[in-house]
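User: I am beginning my study of protein structure and would like a close look at a single part of this model. Please examine the surroundings of the metal site, and then place that part within the rest of the chain.

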Amino acid sequence: MLIQRGVLSGFQVFGRLLVLFLLISSPLSANEHSLDTALVLADILRAARSEIASQQPTINNDLIGDKGLSGEVIQQRVIARLQEAGKAERLSNPANDVEAQLIEAQLQSILEIIDENQPLINKEGIGFKGFVPAVFAQLTNERFGEKVGTIAEIKVTAPIELVRNRKARPDKWERNVIETRFKSETWSKGQLYSDEAEGKNGSAFRVMVPEYYGDACLACHGGPKGEVDVTGYPKEGGQAGDLGGSISITLYK
Ligand code: HEC
C-alpha cells in the first residue's frame, strides 16, 4: 500500500489532464474567438472601402445627379464582395450573439453613412467630392462606435507622423505596436498583432492589422512630399510597400 501512495490511477491522471487542459485552453479559445470576430469586422471594413474606391469615378461624375448608390445598394455590394472573396460565411453564421450584434451594427453604419451623404454623392456640377474611402471609413467607424462603443471599436490609425485626421491618431498602445512591431526590420510584412490591453472603455482584446501603400494610394500619399493632393492634404512622400497605417479593432471584455 505504501508503495502505491503518490501513484495516480489512470482516471486520476485523465482527470488532472482534463482540468489542466480546460485551464489552459479556455482563455485561449476565448481570445481565438475574439480574433476571428475582429477579423470579420476588418474584412467588412476593407470590402466597404474597396467598394467606395471602385465607385469613385461614378461619385465624382459631375454630369449625373442621382447615381443610384443608396445605402442599401452599397451595403448589398459590400456583402457581394465578401461573398466573392469567400468571406461571407460569418455574416450568415456569426459565432455568437456579440459577433452577430457587431456585424449588424457595422453593416447598418455603412448603410446610414451612405444614405446621409446622398446630397453630396448626387450633387451635379461638381466633380471631385472628397468622399474618398478613408473619409467614408472614418465616418462609418465613428457611427459604429456610437452604436456599440462599449462593446467594440473599429478605427483606422497610422504612424503618428503620417496621420491626417486628428481623430485617427494612435493611442499609446497602438503607437507602441506600430513603432516596436510593424516598423521593426524583423516583422513579417502583413502579419497582424493582437494582445489583451486597456482600451478607452476598459480591458479589451485588441487587434492591429497593418496596411501598406499600393500604387493606387500614391496619388494622395506618395510624392513629391508636401505637395498638396486632390483632397487638400500635403502628400506624405510614401512609396508602394511602405507601412501606411493600421486597422485597429478593440473588443471589450
Ligand atoms: C484620393 C486621395 C487618397 C487616396 C487615393 C488614398 N487616401 Fe488615404 N487618406 C486620404 C484622406 C483625405 C485621408 C484623411 C481622411 C479623414 O479625413 O478622415 C486619408 C487617411 C488615410 C488613413 C487614416 C489615417 C489618417 O491619416 O487620417 C490611412 C491609414 C490611409 N489614408 C491609407 C491609405 C491607403 C493604404 C491607401 C491606398 C489603398 C489610401 N490611403 C489612398 C486620401 C487618400
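Analyst: The answer below begins at the metal site and then moves outward to the domains and to several single residues.

This is a predicted model, in which local features need pLDDT of at least 70 and side-chain atom pairs count only at pLDDT 80 or more, while totals for chains, interfaces and linings use all residues. Residues are numbered from 1 along each chain as its sequence is written, and side-chain values use heavy atoms, with hydrogens and water left out.

The metal site comes first. The iron atom of the ligand has His-221 as its only protein donor, through the atom NE2 at 2.0 Å. Donors are N, O and S atoms within 2.8 Å of the metal (3.2 Å for Na, K and Ca), and sites may look incomplete because water is not among the atoms. His-221 belongs to helix α9, which covers residues 218-221. Helices (H or I, at least four residues) and strands (E, at least two) are DSSP runs, numbered from the N terminus.

Two cysteines may be considered next. Cys-217 is partly exposed because its relative accessibility is 28%, whereas Cys-220 counts as buried because its value is 18%. In these terms, buried means under 20% relative accessible area, exposed means over 50%, and partly exposed lies in between (1.4 Å probe, protein chains only). A disulfide is a covalent bond between the sulfur atoms of two cysteines. The structure holds zero disulfides, a disulfide being counted when a pair of cysteine sulfur atoms lies within 2.5 Å.

The chain then enters the loop between α9 and β4, and Pro-224 is found in this loop. The peptide bond that runs from Gly-223 to Pro-224 is cis, with omega near -5 degrees. Asp-229 lies in the loop between α9 and β4 as well, where β4 covers 243-252. Asp-229 is buried because its relative accessibility is 6%. Its side chain forms a polar contact of 2.8 Å with the side chain of Arg-164. A polar contact is a pair of N or O atoms within 3.5 Å; within protein, one must be able to donate a hydrogen and the other to accept it, and residues adjacent in sequence count only if both atoms are side-chain atoms. When residues up to four places away in sequence are not counted, Asp-229 touches Arg-164, Ala-219, Cys-220 and Lys-235. Contact here means heavy atoms within 4.5 Å.

The wider setting is given by the domains. The chain is divided into domain 1 (30-148) and domain 2 (152-253), with bounds that come from an automatic or database domain assignment. Their centres, taken over C-alpha atoms, are separated by 19 Å. To the contact between them, domain 1 gives 20 residues and domain 2 gives 21 residues. The size of an interface is often given as the accessible area lost when the parts come together. About 1700 Å² is buried between domain 1 and domain 2, and carbon and sulfur atoms give 69% of this area. Buried area is the accessible area (1.4 Å probe) that two parts lose on being put together, summed over both. Within domain 1, the residues that lose the most area to domain 2 are Asn-31, Phe-128 and Gln-138, together 25% of what that side buries.

Several single residues complete the picture. Helix α3 (residues 71-84) contains Leu-82, and Arg-81 lies in helix α3 too. Leu-82 is buried because its relative accessibility is 3%, whereas Arg-81 is partly exposed because its relative accessible area is 27%. Neighbours within four places in sequence aside, Arg-81 is in contact with Ala-47, Ser-50, Glu-51 and Ser-54. The C-alpha atoms of Arg-81 and Glu-51 are 8.0 Å apart, although 30 residues separate the two along the chain.

Ile-121 is found in helix α6 and is buried because its relative accessibility is 1%. Asn-122 is found in the loop between α6 (118-121) and α7 (133-148). The side chain of Asn-122 reaches the backbone nitrogen of Lys-67 at 2.9 Å. Lys-67 is also among the residues that Ile-121 touches, not counting those up to four places away in sequence.
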